[in-house]
Amino acid sequence: MPYSEIIAILEAEGFLYENEEIFPQLLCLKSNVKCIPSVSYRASFLKDCGIEIFRCRAEENEITRKASEENSFGRYLLKGQTFSVRIKKVETGSSIDTGKIERIIGKAILEKTKYGRVQLSNPNISFLGVLTNNLLIFGLKNNNLSLHRNPLRRPKSRPFFHPSIMMPKLARCMVNLARVNSSSLVLDPFCGTGSILLEAGLIGCEIVGSDLSLQMVKGSRQNLEYFKIQPASLLIADAKCLPFHKIARVVTDPPYGITSSTFKRYTKTIISEFLFFIADILMEGGYVAISIPNSIKIKEICETLNYRIVEQHSLREHRSLTREIIVLQKL
Ligand SMILES: C[S@@+](CC[C@H](N)C(=O)[O-])C[C@H]1O[C@@H](n2cnc3c(N)ncnc32)[C@H](O)[C@@H]1O
């Protein structure tokens, strides 16, 4: 899912990409460098992000040779700036001494630029290498990550809390998977405490939400106000019949009957009726990102409806619940 989230952000923001390579804990692809701020700000499962400078076999001699031949360090490190080099080992089996590799590459950068100065904490420029799949992939790290990692977003720091709340990281990821951008209008028809609406609002989307419970609608409003996000509309309504039309993005988390009320109906019925209704008001090419328990077979529901299943991810929450995060596109 973390890789799919990045791809979805690139598509949503209109960046072309090619040559995707998936390594353990690393996604490499070719795209416009201007995508980095968007990806860094939006992606919830991203740890680091940057520009690849070189790659080679994960062997000390090879790394030493590659680093000493590399002529582009001066492009990233300007006069008077400090820098650090960090190497992360993803494959625990590798016997490479990461500290030694950091020193080898740091020395090569100093020799090449002549003006850099090493500073391990708070450097101006951070270089990062990842040892994965018998390769070292080395690059410039974006230091402006985690703009959205706001501690106030923690569920318990919000004015309204309910145990059915979706964690901010997952809510953000679902919003991203629905390929929204700041000009999208996002609907959550099972909005609960408003987590999904909040994440969409923080990306700059216009948001509309509804829930069958008055308490939840009031709670959502309180939470959104706390973050100074103004919904275009927030209603008490059944998700199978909403006063909206021409919606392009729906991101939602219907009730499973564990921590949230189904109002005495079966989860499968609620989801089927909702998808049936939404198919009518969703614009052609529009996306629905929905979280459902894996006991519900989405293919069966979608068979008669005009949706394409874009992607499907399983998330084990605990022994008795595995969620499926499903992205549908209206044909
Ligand atoms: C899993 S919770 C949503 C949690 C939300 N994503 C959050 O993070 O707070 C499901 C919500 O669906 C609402 N609900 C149940 N049946 C509904 C229906 N038929 N139409 C609309 N909302 C409904 C419940 O009141 C509950 O708030």
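## Two domains

The centres of domain 1 and domain 2 sit 36 Å apart, taken over C-alpha atoms. Keep in mind that this is a predicted model. The domain assignment of the protein chain puts residues 2-7 plus 14-141 in domain 1, and residues 151-330 in domain 2.

Where the two domains meet, 6 residues of domain 1 are in contact with 8 residues of domain 2. On the domain 1 side, the residues that touch domain 2 are a mix: 2 nonpolar, 2 polar and 2 charged.

## The nonpolar cores

Which residues touch the most other members of the largest nonpolar core? That core has 54 residues, and the ones in question are Met174, Val175, Ala178, Ile196, Ala200, Val251 and Ala289. Both domain 1 (2-7 + 14-141) and domain 2 (151-330) give residues to this core, so it lies between them.

Take Ile196 as an example. Leaving aside neighbours within four places in sequence, Ile196 is in contact with Met174, Val175 and Val251, which are also on the list above. The other contacts of Ile196 are Met166, Ala171, Asp188, Cys191, Thr252 and Asp253.

There's also a second, separate core, this one of 21 residues, and its members include Ile63, Ile101, Phe127 and Leu131.

## Around the ligand

The ligand has 23 residues around it, and the closest are Met166, Phe190, Gly192, Thr193 and Ser195. Met166 turns up here again, having already appeared as a contact of Ile196.

What kinds of residues make up the shell around the ligand? Sorted by type, the shell comes to 12 nonpolar, 8 polar and 3 charged residues.

Technical notes. Residues are numbered from 1 along each chain as its sequence is written. This is a predicted model: local features need pLDDT of at least 70, side-chain atom pairs count only at pLDDT 80 or more; totals for chains, interfaces and linings use all residues. A residue is near a molecule or strand if its C-beta atom, placed from the backbone, lies within 6 Å of it. Ala, Val, Leu, Ile, Met, Phe, Trp, Tyr, Cys and Pro count as nonpolar, Asp, Glu, Lys and Arg as charged, and the others, Gly among them, as polar. Domain bounds come from an automatic or database domain assignment. Two residues are in contact if their C-beta atoms, placed from the backbone, lie within 7 Å. A nonpolar core is a set of buried Ala, Val, Leu, Ile, Met, Phe, Trp, Tyr and Cys residues joined through C-beta atoms within 7 Å. A residue is buried if 20 or more other C-beta atoms lie within 10 Å of its own, exposed if 12 or fewer, and partly exposed in between; C-beta atoms are placed from the backbone.
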